[in-house]
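Work through the following exercises with the sequence and the coordinates side by side. Each task is followed by a solution that goes step by step.

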Amino acid sequence: MSTIPHHIAIVMDGNGRWATQRYLPRVAGHKKGVSALRACVRQCGERGVKVLTVFAFSSENWNRPPEEISGLMELLVFALAREVPQLQAEGVRVHFIGDRAGLSDKVRAGLVQGEAATAGNTGLVFNICFNYGGRWDITQAAAGLAARGEPITESSLASALALAHVPDPDLVIRTGGERRLSNFLLWQAAYSELYFSDKLWPEFDEAALDQALADYATRERRFGQTPEQLGRPRKAA
Ligand code: IPE
Ligand code: IPE
Ligand code: MG
């Protein structure tokens, strides 16, 4: 089995602290965060990662000050307009994951355009979770099945989730020093390897990504089995 994860998911945390440390407004940290993400998309593609899923705005981020929320919405529209041609050139396919009903027409239009422009691409699958929460996702999946009168089973629910087009993440990275999921991929991360970095997201560079990948390569994924079943006898203590 390849030691490069097929699917990496990232909680890009620490933008606000990065800005505050520099006496800058928090939105300056989010802008710097977009640059870090831009580089990360390319680096993941170069390393053979097939799917990258990032947490950009959570269901709970509406609780932030209104100026930060509007700054984040504007940044999304602006960053999409600027980055989509390059993503297009690199063959990256963009998907937006989250509750679109809560977004403005302008933001929704930006998402639709970004997805449409890259829909024919066959390279890295890039999922951007925006107005997303794991609880929202499980709830909307169950509600959809119930409305269609379909039975709720583990596999019917999994295929009604917003990330049903990709396998579950192999590796979930969270930057910014916190060790929690904050409502990210609650269902899909059931067997993901977790990696926490103290680096703030704007500082999560190529070397930091390689460190996360090197750490992942040392993990033994057992999915409930014993080491012996996997053909890797446990070393005597
Ligand atoms: C993560 O960075 C980005 C979003 C939640 C939009 P934060 O804005 O949470 O940065 P910190 O955690 O306050 O430093
Ligand atoms: C998680 O970060 C959400 C995103 C990175 C988009 P938060 O900064 O919102 O998480 P908490 O509030 O510290 O748990
Ligand atoms: Mg944070």
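**Exercise 1. Determine which residues D13 touches beyond its sequence neighbours, and whether D13 is buried or exposed.**

Solution. Leaving aside residues up to four places away in sequence, D13 touches R174, T175, G176, E178, K199, L200 and W201, where contact means heavy atoms within 4.5 Å. This is a predicted model in which local features need pLDDT of at least 70 and side-chain atom pairs count only at pLDDT 80 or more, while totals for chains, interfaces and linings use all residues. Residues are numbered from 1 along each chain as its sequence is written, chains are lettered from A and ligands numbered from 1 in the order in which they are written, and side-chain values use heavy atoms, with hydrogens and water left out.

Next, place the residue: D13 sits in the loop between β1 (7-11) and α1 (15-21), helices (H or I, at least four residues) and strands (E, at least two) being DSSP runs numbered from the N terminus. Among the residues touched, R174 also makes a side-chain to side-chain polar contact with D13 at 2.9 Å; such a contact is a pair of N or O atoms within 3.5 Å, and within protein one must be able to donate a hydrogen and the other to accept it, with residues adjacent in sequence counting only if both atoms are side-chain atoms. Finally, D13 counts as buried because its relative accessibility is 17%, the classes being buried under 20% relative accessible area, exposed over 50% and partly exposed in between (1.4 Å probe, protein chains only).

**Exercise 2. Describe what surrounds ligand 2, and state how much of its accessible area the protein covers.**

Solution. Begin with the residues around ligand 2, which are V11, M12, D13, F55, A56, F57, N61, R64, R174, R180 and S182, each having a heavy atom within 4 Å of the ligand. Then take the polar distances to oxygen atoms of ligand 2: a polar side-chain atom of D13 lies at 3.1 Å, an N or O atom in the side chain of R180 at 2.8 Å, and a polar side-chain atom of S182 at 2.6 Å. The protein covers 78% of the 390 Å² of accessible area that ligand 2 has on its own, as computed by the Shrake-Rupley method with a 1.4 Å probe (for residues, only the protein chains shown count as cover).

**Exercise 3. Identify which residues come nearest to ligand 1, and which polar atoms face its oxygen atoms.**

Solution. Of the 13 residues around ligand 1, those that come nearest are D13, G16, R17, R26 and R64. An oxygen atom of ligand 1 lies 2.9 Å from a polar backbone atom of G16, and one is 2.7 Å from a side-chain N or O atom of R17. For ligand 1, the protein covers 87% of the 380 Å² of accessible area that the ligand has on its own.

**Exercise 4. Establish how β1 is covered and with which strands β1 pairs.**

Solution. In β1, five of five residues are buried: H7, A9 and V11 point one way, and I8 and I10 the other. In a regular strand the side chains alternate between the two faces of the sheet. Taking pairing to require at least two DSSP bridges, β1 pairs in the parallel sense with β2 (residues 51-58) over five bridges, and four bridges join β1 to β5 (residues 171-174), also running parallel. I8 stands opposite L52 in β2 and opposite L171 in β5.
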